[in-house]
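Here's a walk through one strand and its surroundings, starting from a single residue and working outwards. Keep the viewer open while you read.

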Amino acid sequence: MLENLRERLQAHRPRRIGLRLPEASVLIPIVDRPEPTLLFTRRAGHLATHSGQVAFPGGKREADDADLLATALRESQEEIALSPERVTLLGRLSDVLSLHGLRVTPWVGLIPPDLPLVPDPGELDAIFEVPLTHFLEDRRTHTDVIRVDGRDYYVPSYTTDGHVIWGLSAMMLVELLAEGFAMPISLFERPSGELIHLPERRVSRP
């Protein structure tokens with residue numbers, strides 16, 4: 001399943017957002033099991049913002065970070081004790097603009113199975129894996145129609161073992177599936193199945 005992933009991601013030309021915005025970065029970890037999985041985190045319930053939300057490890061760029069890849073690896077080490085040396089970089093995906101005005105850059109990396117990962121209790125309350133086939137078989141529960149600055153995005157929502165994967169993380173997943181695995185999926189084409197229209201949003205910009 002992973003044989004051609006690196007080659008496809010290296011050939012991919014991800015979009016860059018040219019706006020001068022605060023920067024953040026995430027790592028999308030693929031666990032190299034006989035049946036590969038994606039690794040996610042769940043933000044701690046006591047946090048004032050985004051509590052309980054599912055995300056990939058990552059966060060804001062700090063002044064000491066050499067680049068955005070360094071940000072993703074540092075945050076992954078801080079959040080889940082993932083050593084940068086255990087990450088095999090496969091490629092980068094397109095920048096995504098968060099509703100809070102952050103330019104988020106996703107990196108895709110392969111990690112060994114059964115590492116001694118530990119969630120930082122100050123930020124997270126869970127680390128979990130989902131089989132990659134769950135997404136390749138498009139087992140979405142519904143599609144959120146998110147209108148941002150006048151444009152509709154068809155964002156899949158997945159539920160597995162009580163975890164809901166949606167929003168920004170699901171948008172990144174769509175590009176990974178389309179570009180890394182040649183899956184016919186798009187944020188801009190209306191899919192079949194249930195659609196849930198969310199309130200229109202405006203992205204915060206400086």
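## Starting from a serine

S157 is found in strand β10. Bear in mind that this is a predicted model. Is S157 buried or exposed? S157 has a relative accessible area of 2%, and since anything under 20% counts as buried, that makes it buried. Setting aside neighbours within four places in sequence, S157 is in contact with R140, T141, H142, D144, V164, I165 and W166. One of these contacts, T141, is 16 residues away in sequence, yet the two C-alpha atoms are 5.9 Å apart in space.

What goes for S157 goes for much of its strand: 7 of the 10 residues of β10 are buried, so the strand is largely enclosed by the rest of the structure.

## The sheet around β10

Zooming out, β10 belongs to an open sheet of 4 strands with mixed pairing, in the order β11-β10-β9-β12. At the edges sit β11 (163-165) and β12 (195-197), each pairing on one side only. Direction ignored, neighbouring strands here are turned by 30 degrees against each other on average.

The strand β10 has an antiparallel hairpin on either side, and they line up like this:

| Hairpin | Bridges | Residues between strands | Turn residue with positive phi |
|---|---|---|---|
| β9 and β10 | 7 bridges | 2 residues | D149, about 50 degrees |
| β10 and β11 | 3 bridges | 2 residues | D161, about 50 degrees |

For the β9 side, β9 covers residues 142-148 and β10 covers residues 151-160. If you want to trace the register, V148 has R151 as its bridge partner in β10, while D144 is matched with V155. Over on the other hairpin, T160 stands opposite H163 in β11.

## The helix and the cores

Next comes helix α4 (residues 167-181), which lies across β10 and β11 and runs at about 95 degrees to β10.

Which residues touch the most other members of the largest nonpolar core? Out of its 40 residues, they are L38, F40, F135, L173 and L176. Helix α4 supplies the largest share of this core, 9 residues.

Take L38 as an example: beyond its neighbours within four places in sequence, L38 is in contact with I28, P29, I30, F128, E129, V130, L132, F135, L173 and L176. Apart from this core lies another one of 13 residues, including V31, L82, V87 and I111.

Key
Residues numbered from 1 in each chain as written. Predicted model: local features only at pLDDT ≥ 70, side-chain atom pairs only at ≥ 80, totals over all residues. Heavy atoms only, no water. Pairing = 2+ DSSP bridges. Axes fitted to C-alpha atoms, helices over the stretch in contact; angles between N-to-C directions. Contact = heavy atoms within 4.5 Å. Core = buried A, V, L, I, M, F, W, Y, C linked by side-chain atoms within 4.5 Å. Buried < 20%, exposed > 50% of the residue type's maximum accessible area, 1.4 Å probe, protein only.
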